[in-house]
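User: I am new to this structure. Please go through the terms used for it and explain how each one is earned.

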Amino acid sequence: MLGDLPGAATVAQPIAIKELSRTGALIESSFPLQIDSLHQFRLTLGERTVVVRGRIAHCRINEVEQDRVIYAAGVDFVDLSPGAAETLAGFLDGVKSGRQAGAK
């Protein structure tokens, strides 16, 4: 075969989860993410880990440091399995309960 075919590679890169909900997340990364692209995210939620698919809703430069750029991206979760949705909800409920107990 002669010529070029389009392709893509999946590479695991660390991200920071800044905000998390049952339907999505705000993440920070050292690389930009293309709007409307789909990605798999492995989230460590306390003692449990869950893999979810997400669509990039927006991405912008969040911070510029001397030697690197930090991007903020909004992720909408798509096609959540019932198990992933349950794990995510349980984690968020636990965080909420912990905050309410600390406020008393």
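Analyst: A strand is a DSSP run of E with at least two residues, and strands are numbered from the N terminus. Ser29 is found in one of these runs, strand S2. The model is a predicted one.

User: What makes up the secondary structure of the chain, and in which pattern does it run?

Analyst: The chain has one helix and five strands. Along the sequence the pattern reads β-β-β-β-β-α.

User: Why is Ser29 called buried?

Analyst: A residue is buried when its relative accessible area is under 20%. Ser29 has 5% relative accessibility, so Ser29 counts as buried.

User: What does Ser29 touch, and where does its side chain reach?

Analyst: Not counting neighbours within four places in sequence, Ser29 is in contact with Ile15, Val69, Ile70 and Tyr71. Its side chain also reaches the backbone oxygen of Phe31 at 2.6 Å. A polar contact needs a pair of N or O atoms within 3.5 Å, so the distance of 2.6 Å meets that cut-off.

User: How do you know that S2 and S5 pair?

Analyst: Two strands pair if DSSP finds at least two bridges between them. Six bridges join S2 to S5, so they pair, and they run antiparallel. One bridge partner is Gly74 in S5, which stands against Leu26.

User: What makes S4 and S5 a pair, and what joins them?

Analyst: Ten bridges lie between S4 and S5, so the requirement of at least two is met. The sense of this pairing is antiparallel. Ile56, for example, has Val75 in S5 as its bridge partner. A hairpin of four residues joins S4 to S5.

User: Is S5 mostly covered or mostly open?

Analyst: S5 is mostly covered, with seven of its ten residues buried. Phe77 lies in this strand.

User: Why does Phe77 count as buried?

Analyst: The cut-off for buried is under 20%. Phe77 stands at 11% relative accessibility, so it counts as buried. Leaving out residues up to four places away in sequence, Phe77 touches Leu20, Ser21, Arg22, Thr23, Gly24, Ala25, Leu43, Val52, Arg53, Gly54 and Leu88. Leu2 is 75 residues from Phe77 in sequence, and their C-alpha atoms are 39 Å apart in space.

User: What makes a set of residues a nonpolar core, and which members of the largest one touch the most others?

Analyst: The members must be buried residues of the nonpolar kinds, joined through side-chain atoms within 4.5 Å. The largest such core has 15 residues, and Ile27, Phe41, Leu43, Val52 and Phe77 touch the most other members. Two or more residues come from each of strand S2 (24-29), strand S3 (38-45), strand S4 (48-64), strand S5 (69-78) and helix H1 (82-103). In soluble globular proteins, nonpolar side chains tend to be buried together.

User: Which residues is Ile27 in contact with?

Analyst: Contact means heavy atoms within 4.5 Å. Apart from neighbours within four places in sequence, Ile27 has such contacts with Ile15, Ala16, Ile17, Lys18, Leu33, Phe41, Tyr71, Ala72, Ala73 and Val75.

User: How do you know that Thr87 is buried?

Analyst: Its relative accessible area is 10%, which is under 20%, so Thr87 is buried. Thr87 is found in helix H1. Beyond four places in sequence, Thr87 touches Leu45, Arg48 and Val50.

User: Why is Asp79 called exposed?

Analyst: Exposed means over 50% relative accessible area. Asp79 has 66%, so Asp79 is exposed. Asp79 lies in the loop between S5 and H1.

User: What sign does phi have at Asp79 and at Asp36?

Analyst: Most residues other than glycine have a negative phi. Asp79 has a positive phi, near 50 degrees. Phi of Asp36 is also positive, near 75 degrees, and Asp36 sits in the loop between S2 and S3.

User: How does the radius of gyration of the chain stand against that of a compact globule?

Analyst: A compact globule of 104 residues would have a radius of gyration near 13 Å, whereas the chain has 17 Å. The C-alpha trace spans about 65 × 40 × 20 Å along its principal axes.

User: How much of the chain is buried, and how much area does it expose?

Analyst: Buried residues make up 25% of the 104 residues. The chain exposes about 7600 Å², and carbon and sulfur atoms supply 50% of that area.

Conventions:
Residues numbered from 1 in each chain as written. Predicted model: local features only at pLDDT ≥ 70, side-chain atom pairs only at ≥ 80, totals over all residues. Heavy atoms only, no water. Buried < 20%, exposed > 50% of the residue type's maximum accessible area, 1.4 Å probe, protein only. Rg over C-alpha atoms; globule rule 2.2 N^0.38 Å. Areas by Shrake-Rupley, 256 points an atom, 1.4 Å probe, with all protein chains shown as cover. Polar contact = N/O pair within 3.5 Å; in protein donor to acceptor, adjacent residues only side chain to side chain.
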